[in-house]
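Colleague: Let us go through this model together. I will ask and you answer.

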Amino acid sequence: MPQGAVSFLNESDRLAKLKMDSDIRFVAGNMMQFRNLAKPIQAFGRNKGSTIEIEKYQKLTKATGTISELQSLPMNKPNVGFVQVTVAEYGNGVSYTKKSQTLAEYSVDETLKKILAMNVAESMDQVAGTEFQNSDVFYTPTSTTAGTLDKDGTVSTSAGAAITSAHIRDIIRNLKTDNVPKWDGNSYLGIFSPFAMAKLFEDTAAGSIVDLHKYDQPENLINGEIGQYFGMRMVEENNVLSNTIGGSSHNGEAIICGFEPVVEALVEPESTMVENWDFNRFTGIAWNALTGFKKVWTNSSDNEYHLVRIHSND
C-alpha cells in the first residue's frame, strides 16, 4: 500500500454520470528541446554509483618562441579540470479506484498512462533545461543593434530592447572569437522561446532575417528546427524558456549552445509501473527515473564556455 497521502480518481469525477463521447481529448503538450540536447554519458549506468566525474583538459599555452639547436623541447603539465554529475530520483503518479474503472465507458488505465507520458516528457525536459539555463555567460540586448556580453558569471546589465538579428550576429562573432566549438561541427545551436523567435522574424533592419535556409535533408532536422541564420541552427520551445528577457518587458529568452554544453548521467531511464492494493480495489500508475544533468564548462574556472543565455538583471 502506498505511503502518505493518496488522491484518487473515482466514480464521482464524472466518470459514470452520463453518456460520454468515445474520443478522449488531452491538453496539448509543450514543445520540448532540452532533454534531447543533453548528451548521455555512455559509460555510466546501473551499478556505477551515484556520481560520475568528467575530466576536462585545458589547452596548452601557445608555443610561439623559437628553440635553439641544443635546447630541449619544453615539457608542460596540462591543466586538468573536472565536473561532477550527481544522480537524483524523479517521478510522479496517479491513482484510481476499481469502481471508477468498472463504471467508466473508456479505459481509465490507458488514458492515465497517456497523461503520465506527457508528464514524464515535460518534467524531465524542465530538469534538463534548468541546467542549460545555468550558464555563467550572458548576453543582454541594450538597444536594437547593440548588447553586452557578461562572462564573469553574473548578468549585470538591464535589457533595453527585444532580441534582434543584430544581437545574434554579435553573439556568433563573440563565440567564434573566443573559439567556442560549434554544436555539430558546422553550426551553433540557438533555442528560442516563441516570443524571442517572433521578434527575430519581425526584425526588418538591414541584414536581418528575411528568409531562412531551405533544407533538402529534412530527416536531419532537430524537432522544432525552423532554419539557419549566420551560422546558427534555430529551434523553438515553450516548456522552459521565458517569453521575456529576465524580468524586463522585452522579448525574449534564448540559449545559444556550442559543442556538448550539458551532459546526462542516466542510470535508469523513465519507466512506468502499475501497483494494485487493498484486494485490487485501488490502482496506482507512476513513472520513475534515476538520472542527472550537469553543465560541463564554467568560464570562471575553465576559461571556456559553451553556453550563452540571453538574459537581463531585472
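Colleague: Is phenylalanine 279 buried or exposed?

Modeller: The cut-offs come first: buried is under 20% relative accessible area, exposed is over 50%, and partly exposed lies in between (1.4 Å probe, protein chains only). Phenylalanine 279 has a relative accessible area of 77%, so it counts as exposed.

Colleague: What pLDDT do side-chain atom pairs need?

Modeller: Residues are numbered from 1 along each chain as its sequence is written, and side-chain values use heavy atoms, with hydrogens and water left out. This is a predicted model: totals for chains, interfaces and linings use all residues, local features need pLDDT of at least 70, and side-chain atom pairs count only at pLDDT 80 or more.

Colleague: Where does phenylalanine 279 sit, and what is its phi?

Modeller: Helices (H or I, at least four residues) and strands (E, at least two) are DSSP runs, numbered from the N terminus. Phenylalanine 279 is in the loop between β12 (262–277) and β13. Most residues other than glycine have a negative phi. Phenylalanine 279 is not a glycine, yet its phi is positive, near 60°.

Colleague: Which residue after α4 has a positive phi?

Modeller: It lies in the loop between α4 and β8. At 51% relative accessibility it counts as exposed. It is not a glycine, and its phi is about 60°. The residue is asparagine 179.

Colleague: What is omega at the cis peptide bond before glycine 252?

Modeller: Most peptide bonds are trans. Glycine 252 belongs to the loop between β10 (232–236) and β11. The bond from asparagine 251 to glycine 252 is cis, with omega near -20°.

Colleague: What span should α4 have?

Modeller: The expected span of a helix is 1.5 Å times one less than its number of residues. Helix α4 covers residues 165–177, and its 13 residues have end C-alpha atoms 18 Å apart. That agrees with the expected span, 18 Å.

Colleague: How many residues has α3, and how far does it reach?

Modeller: Its buried residues include Val108, Leu112, Leu116, Val120, Met124 and Phe132. An α-helix has 3.6 residues a turn, so residues three or four places apart point the same way. α3 has 25 residues, and from first C-alpha to last it reaches a distance close to the expected 36 Å, namely 36 Å.

Colleague: Is threonine 130 buried or partly exposed?

Modeller: Threonine 130 is in helix α3. Its C-alpha is 9.1 Å from that of phenylalanine 293, 163 residues away in sequence. Its relative accessibility is 41%, so threonine 130 is partly exposed.

Colleague: Which element gives the most residues to the largest nonpolar core?

Modeller: A nonpolar core is a set of buried Ala, Val, Leu, Ile, Met, Phe, Trp, Tyr and Cys residues joined through side-chain atoms within 4.5 Å. The largest has 26 residues, and Phe34, Phe132, Leu189, Ile191, Ile255 and Cys257 touch the most other members. Two or more residues come from each of α1 (34–37), α3 (108–132), β8 (188–192), β11 (254–257) and β13 (282–295). The top contributor, with 7 residues, is α3.

Colleague: What does cysteine 257 contact beyond its neighbours within four places in sequence?

Modeller: Contact means heavy atoms within 4.5 Å. By that rule, cysteine 257 touches Phe132, Trp183, Tyr188, Leu189, Ile191, His306 and Leu307.

Colleague: Is glutamate 264 buried or exposed?

Modeller: Glutamate 264 is in strand β12. Leaving aside neighbours within four places in sequence, its contacts include Arg35, Lys39, Pro40, Thr291 and Phe293. Its C-alpha is 9.5 Å from that of threonine 86, 178 residues away along the chain. Relative accessibility is 4%, so glutamate 264 is buried.

Colleague: How much space lies in the largest pocket?

Modeller: On a 1 Å grid over the protein atoms alone, a pocket is an open set of points where a 1.4 Å probe fits, with protein on both sides within 12 Å along at least five of seven lines; lining residues have an atom within 4 Å of a point. Points join across faces, edges and corners, and volume is the space filled by probe spheres set on them. The largest pocket holds about 340 Å³.

Colleague: Which of its lining residues are closest to the centre?

Modeller: The lining of the largest pocket has 3 nonpolar, 6 polar and 6 charged residues. Ala, Val, Leu, Ile, Met, Phe, Trp, Tyr, Cys and Pro count as nonpolar, Asp, Glu, Lys and Arg as charged, and the others, Gly among them, as polar. Of the 15 lining residues, the closest to the centre are Lys59, Asp178, Asp302, Asn303 and Glu304.
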